[in-house]
Amino acid sequence: MRAPGRRSIAAGAAFVAVLLVLAWLGDAGSAIPIHAFGEPRGELMLQPPETAVRLVEHALAPTGGLPHDARLTQFTPYSNNALLSGSSGRVESVTGWNMTFEPSDAVESQDRITARVSPEAIRTCLDGGALGSPYGSRTSDPSCRHYEIAFPLRVASLYRDWRPRPQRFLARRLDAWLAPQFAAPESVEEGCSNRDMGAFRRAVAAATGPFAPKGNVDIPALWERAVQEAMDGHGLLARWDPPYPTIHIDGPFHGNDPNPEVREAVVLDVPVFPGWYRRLVLVRSSRPIQRFSLVGALETTNDEPVCPPLRIAEAKPPPGGLPPWETLVQTVRARAEEEIRWIAGSHWTTFRSRVMGTDRHPGATSTIDVETWIDRAHWRARFTIDERVPELRRAEFERLAR
């Protein structure tokens with residue numbers, strides 16, 4: 001090769017290296033690890049889901065913000081069930097929003113951001129007394145007889161484990177060059193037309209850990225669901241002929257075969273098991289894999305799409321807004337009861353409550369009055385709700401004379 005040609009190749013390689021470094025530096029800030037976990041709260045949350053997204057973005061801003069290639073893959077409410085005195089039922093209310101962000105180019109990636117947004121109860125005594133701590137044992141009633149509660153929203157938990165996109169790109173290319181590939185299948189039975197058989201074979205080869213969810217899971221039913229997803233174009237279903245290749249399972253359960261034969265396998269670009277954070281490969285054998293089933297579910301460390309480019313719709317925010325007024329009244333009553341239990345600690349024998357009145361102004365500010373009795377202690381609470389946001393703005397508690 002002539003010297004000018006070598007110099008051109010070297011210059012091109014240097015240019016690519018510079019671009020990769022600049023791209024890495026551009027993403028590095030938004031890849032700073034964050035591990036902040038708080039205690040779950042049970043406060044009534046009426047704010048719209050979009051408010052929660054803005055709070056998470058604001059919390060990430062000091063450390064590089066939300067990565068530009070992040071997509072929202074999960075957005076679900078966090079609920080609380082409260083008992084209501086004199087009723088056999090429970091009052092369910094939304095107390096927060098759970099969110100998960102993942103890279104736009106990976107399937108069930110190890111890189112992720114998870115967050116929970118919920119209200120916090122901040123109590124302020126209005127008569128100079130003391131409320132006492134909610135933790136530890138309490139031997140006497142608090143001296144405060146008149147206080148209010150504010151309910152500001154906060155990011156209760158925030159976790160980020162994220163690699164810059166150039167780093168993920170290089171790692172994937174290295175995996176594509178160096179990672180083992182499972183035996184080539186005889187045929188593809190179902191799946192997308194724009195298939196990547198190399199990614200499919202690497203995903204099967206990397207499936208070594210048995211699927212271990214909590215509770216009972218119908219693995220054969222997962223197989224049927226995965227086959228249907230492949231038929232819908234979200235993955236691939238492939239078949240092998242005898243002699244069947246085998247796959248090694250690390251730490252098989254209950255003495256099952258650690259090297260089962262693989263007759264068929266399904267790899268998807270969509271979750272086959274809702275809520276599971278790892279990608280699964282479903283395999284079917286000519287002899288039992290897990291207990292007495294011919295179907296096995298294995299975790300794989302491969303996150304390449306088998307149907308590129310990856311096209312997965314982002315999670316839609318759940319509907320927000322106020323619940324029906326009567327439901328809201330009962331929810332507020334349950335919240336008043338929980339507050340008085342907190343005030344009284346564990347030293348009470350009789351307990352009751354009732355709604356004393358409501359003053360509703362749709363599209364404006366409404367109030368709900370609740371009275372509670374614990375032993376000889378009698379409290380009145382007024383909850384103020386701004387229906388324009390909507391939000392639970394404040395609550396005021398006052399101990400009444402015996």
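# Exercises on a predicted model

A search of the whole structure, which is a predicted model, finds two disulfides.

**Exercise 1.** Determine which part of the chain is tied to which by the disulfide of Cys125 and Cys144, and state the handedness of the link.

*Solution.*
Step 1. The criterion for a disulfide is a pair of cysteine sulfur atoms within 2.5 Å. The sulfur atoms of Cys125 and Cys144 are 2.2 Å apart, and the two residues form a disulfide.
Step 2. The angle about the S-S bond is 105°, and the link of Cys125 and Cys144 is right-handed.
Step 3. Cys125 belongs to strand E5 (residues 122-125), whereas Cys144 sits in the loop between E5 and strand E6 (146-150); the pair therefore ties together parts that are 19 residues apart in sequence.
Step 4. Buried means under 20% relative accessible area. Cys144 has 1% relative accessibility and therefore counts as buried.

**Exercise 2.** Carry out the corresponding analysis for Cys192 and Cys307, and give the disulfide pattern of the chain.

*Solution.*
Step 1. A disulfide joins Cys192 to Cys307, with an S to S distance of 1.9 Å.
Step 2. The value about the S-S bond is -90°, and this link of Cys192 and Cys307 is left-handed.
Step 3. Cys192 is in the loop between strand E8 (187-191) and helix H4 (197-205), and Cys307 is in the loop between strand E13 (295-300) and helix H6 (325-344), so the pair ties together parts that are 115 residues apart in sequence.
Step 4. Cys192 counts as buried at 5% relative accessibility, and Cys307 is buried with a relative accessible area of 7%.
Step 5. With bonded cysteines counted along the chain, the disulfides follow the pattern 1-2, 3-4.

**Exercise 3.** Describe the largest nonpolar core and identify the element that gives the most to it.

*Solution.*
Step 1. The largest nonpolar core has 29 residues, and those with the most contacts inside it are Tyr147, Val332, Phe383 and Phe397.
Step 2. Two or more residues of this core come from each of E6, H6, strand E15 (365-374), strand E16 (377-386) and strand E17 (391-400).
Step 3. H6 gives the most to this core, namely nine residues.
Step 4. Leaving aside neighbours within four places in sequence, Tyr147 is in contact with residues including Cys125, Leu131, Ile343, Trp379 and Phe397.
Step 5. A second, separate core of 21 residues includes Phe182, Phe200, Ile247 and Val262.

**Exercise 4.** Decide whether Trp177 and Ser157 are buried or exposed, and describe the setting of each.

*Solution.*
Step 1. Trp177 is found in helix H3 (residues 165-178). The threshold for exposed is over 50% relative accessible area. Trp177 has a relative accessible area of 65% and is therefore exposed.
Step 2. Together with Leu174 and Leu178, Trp177 forms a nonpolar patch on the surface, with about 410 Å² of accessible area together.
Step 3. Ser157 is found in strand E7 (residues 153-161). Ser157 is buried, because its relative accessible area is 7%.
Step 4. Apart from neighbours within four places in sequence, Ser157 is in contact with Ala36, Phe37, Gly38, Thr114, Ala115 and Arg116.

**Exercise 5.** Summarise the chain as a whole in terms of secondary structure, burial, contacts and exposed area.

*Solution.*
Step 1. The secondary structure comes to six helices and 17 strands.
Step 2. Of the 402 residues in the chain, 43% are buried.
Step 3. Among contacts between residues at least 6 apart in sequence, 67% join residues at least 24 apart.
Step 4. The chain exposes about 20,400 Å², of which carbon and sulfur atoms supply 54%.

Terms used: Residues numbered from 1 in each chain as written. Predicted model: local features only at pLDDT ≥ 70, side-chain atom pairs only at ≥ 80, totals over all residues. Heavy atoms only, no water. Patch = residues over 30% accessible without salt bridge, like charges linked within 9 Å, V, L, I, M, F, W, Y side chains within 5 Å. Areas by Shrake-Rupley, 256 points an atom, 1.4 Å probe, with all protein chains shown as cover. Salt bridge = Lys/Arg side-chain N within 4 Å of Asp/Glu carboxyl O. Helix = DSSP H or I, 4+ residues; strand = E, 2+ residues; numbered from the N terminus. Buried < 20%, exposed > 50% of the residue type's maximum accessible area, 1.4 Å probe, protein only. Core = buried A, V, L, I, M, F, W, Y, C linked by side-chain atoms within 4.5 Å. Contact = heavy atoms within 4.5 Å.
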